[in-house]
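Me: Got a minute to go through this one with me? I'd like a quick tour of the fold and the surface.

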Amino acid sequence: MSDGDNVVGSMLGIKNCLQMILDSREAHPHITYIIVSQLNGEGNFFGPQLIDHGVDVTLMFGVKGKDLRVLVATKNRVGPVMVPAFFLMSDKGLEEIEKKD
């Protein structure tokens, strides 16, 4: 592989970086890894589908209006998906909006 093939942000660079993280996770299962990726215009991961296949939970964080933030699990191997959590952006940071039943 030439150095040009592994440019930061290239498809091959992302794959190689993710593979290193996944290999490390197998060697150190007690460590929690957080991988941050952006989405493309269609709402899919920017980069290889390997990212989605390599993680246990995928969270999407959206902005609704000026102060409302929404967090949704779109993939979760250990719990429910598509259950939104709502937050308000305040002077103190994000504050959860409690659901009223």
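Me: Let's start with the outside. What area does the protein expose?

Reply: About 7800 Å², and carbon and sulfur atoms supply 58% of that. Bear in mind that this is a predicted model.

Me: And what share of the residues is buried?

Reply: Buried residues come to 17% of the 101 in the protein.

Me: Which residues form a nonpolar patch on the surface?

Reply: V57, L59 and V78 do, with about 300 Å² of accessible area together. V57 belongs to strand β1, which covers residues 57-64. The relative accessible area of V57 is 36%, so this residue counts as partly exposed.

Me: OK, on to the fold. How many helices and strands are there?

Reply: Two helices and four strands. Going from the N terminus, the elements run α-α-β-β-β-β.

Me: What order do the strands take in the sheet?

Reply: The order is β1-β2-β3-β4, in an open sheet with antiparallel pairing. β1 and β4 are the edge strands, as each of them pairs on one side only. From one strand to the next, the twist averages 30°.

Me: Let's go pair by pair. How many bridges join β1 to β2?

Reply: Eight, and the two strands run antiparallel. In that pairing, K64 sits opposite L68 of β2.

Me: What about the turn there, how many residues sit between the strands of that hairpin?

Reply: Three residues lie between β1 and β2 in the hairpin, and G65 takes a positive phi near 75°.

Me: Next pair: over how many bridges do β2 and β3 pair?

Reply: Four, again in the antiparallel sense. R69 has F87 as its bridge partner in β3, while L68 is matched with L88 of β3. That puts L68 in two places in our chat: opposite K64 and bridged to L88.

Me: Since R69 and L68 are neighbours there, what do side chains do along a regular strand?

Reply: As a general rule, they alternate between the two faces of the sheet.

Me: And the last pair, how many bridges join β3 to β4?

Reply: Four bridges join β3 (residues 85-90) to β4 (residues 93-96), and these strands run antiparallel. M89 has L94 as its bridge partner in β4. The hairpin that joins β3 to β4 does so through two residues.

Me: Switching topic: charges. How many salt bridges does the count come to?

Reply: One salt bridge. It pairs R77 with D56, and their closest N and O atoms are 2.9 Å apart.

Me: Where do R77 and D56 lie?

Reply: R77 is in the loop between β2 (68-76) and β3, and D56 is in the loop between α2 (50-53) and β1, so the pair ties together parts that are 21 residues apart in sequence.

Me: Is D56 buried, exposed or partly exposed, and what's the number?

Reply: D56 is partly exposed, with a relative accessible area of 39%.

Me: Last one. Of the contacts with a separation of 6 or more, what share comes from residues 24 or more positions apart?

Reply: That share is 15% for the protein.

Note on methods. Residues are numbered from 1 along each chain as its sequence is written. This is a predicted model: local features need pLDDT of at least 70, side-chain atom pairs count only at pLDDT 80 or more; totals for chains, interfaces and linings use all residues. Side-chain values use heavy atoms; hydrogens and water are left out. Patches are made of residues with over 30% relative accessible area and no salt bridge: like charges are joined within 9 Å, nonpolar side chains (Val, Leu, Ile, Met, Phe, Trp, Tyr) within 5 Å. Accessible areas come from the Shrake-Rupley method with a 1.4 Å probe; for residues, only the protein chains shown count as cover. A salt bridge is a side-chain nitrogen of Lys or Arg within 4 Å of a carboxyl oxygen of Asp or Glu. Buried means under 20% relative accessible area, exposed over 50%, partly exposed in between (1.4 Å probe, protein chains only). Two strands pair if DSSP finds at least two bridges between them. Contact means heavy atoms within 4.5 Å. Axes are lines fitted to C-alpha atoms, for helices over the stretch in contact, and angles run from 0 to 180 degrees between N-to-C directions.
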